[in-house]
Amino acid sequence: MMFGLLKRKEAWRLTWRGRMVVFVVAIGTVLAGVRGCAPFLSANQPIEAQVLIVEGWLPDYALKDATEEFVRGKYQYIITAGGPLLAGYYFSDRKSSAEMAAATLVELGIASNLVAAVSSPPVARSRTLVEAQSVKKWIQDKDPDLRSVNIYTLGVHSRRSWIAFKTALGDGVKVGVIADSDRAYDLERWWATSEGFLSVTSEALA
């Protein structure tokens, strides 16, 4: 036909039943991913560590929980990590979230000589990694023999913090992570609130 330029060829295609099956499987896959996303991001893998590293931006209840972890884990000391304050900077003697967290931990009962605030420079992106790099430099200067740490952080941010600190500290330091529960939303139904939706989706994208 048409001088040998065209020929008839059979092709398989989905029936309406086939399309329905594909649709149901796709929806099931999406729902499974949605339900499993938050637990995956909320990594909780503590190790037996010498030092506890606390992220400075944590809410007060998480800092209080961190003091309990410090006592329970028998750590040598605490490092607080964080960048410049985003609010109250000009009215406070403490200029970074690391310094604010350190002061809070002391008020909660930790001896001041057991708390080291490590402030990081202001950056527009990759703040967690920059904080981790600042902590690495502090460790190299102050405690080069340190070999194990636990990162104390919050909810779905924990996997990103874990990755950032493992990347920054390198193979010479074992890194565990402890994820405190985020009380702003229900982890099992994070999509039901704006706070949960924003937190989980932003961390997933990050």
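**Pockets and positive-phi residues**

Helix α6 (residues 194-205) supplies the largest share of the lining of the second largest pocket, namely four residues. This is a predicted model, in which local features need pLDDT of at least 70, side-chain atom pairs count only at pLDDT 80 or more, and totals for chains, interfaces and linings use all residues. Residues are numbered from 1 along each chain as its sequence is written, and side-chain values use heavy atoms, without hydrogens and water.

**Second largest pocket**
- The second largest pocket (an open set of 1 Å grid points where a 1.4 Å probe fits, with protein on both sides within 12 Å along at least five of seven lines) holds about 190 Å³ of space.
- Its lining (residues with an atom within 4 Å of a point) comprises 13 residues, with Trp57, Leu154, Asp182, Glu195 and Ser199 nearest the centre.
- By class, this lining has six nonpolar, four polar and three charged residues.

**Largest pocket**
- The volume of the largest pocket is about 640 Å³.
- Of its 20 lining residues, Trp57, Leu86, Arg127, Thr128 and Glu131 lie nearest the centre.
- Helix α4 (residues 127-142) contributes four residues, the largest share of this lining.
- The lining divides into nine nonpolar, six polar and five charged residues.

**Positive phi outside glycine**
- Lys74, in the loop between α2 (60-73) and β2 (77-82), has a positive phi near 55 degrees.
- Lys74 is exposed (over 50% relative accessible area), at 74%.
- Ser126, in the loop between β3 (115-119) and α4, has a positive phi of about 55 degrees.
- Ser126 is partly exposed (between 20% and 50%), with a relative accessible area of 42%.

Note on methods. Points joined across faces, edges and corners; volume = space filled by probe spheres on them. Helix = DSSP H or I, 4+ residues; strand = E, 2+ residues; numbered from the N terminus. Nonpolar A, V, L, I, M, F, W, Y, C, P; charged D, E, K, R; others polar. Buried < 20%, exposed > 50% of the residue type's maximum accessible area, 1.4 Å probe, protein only.
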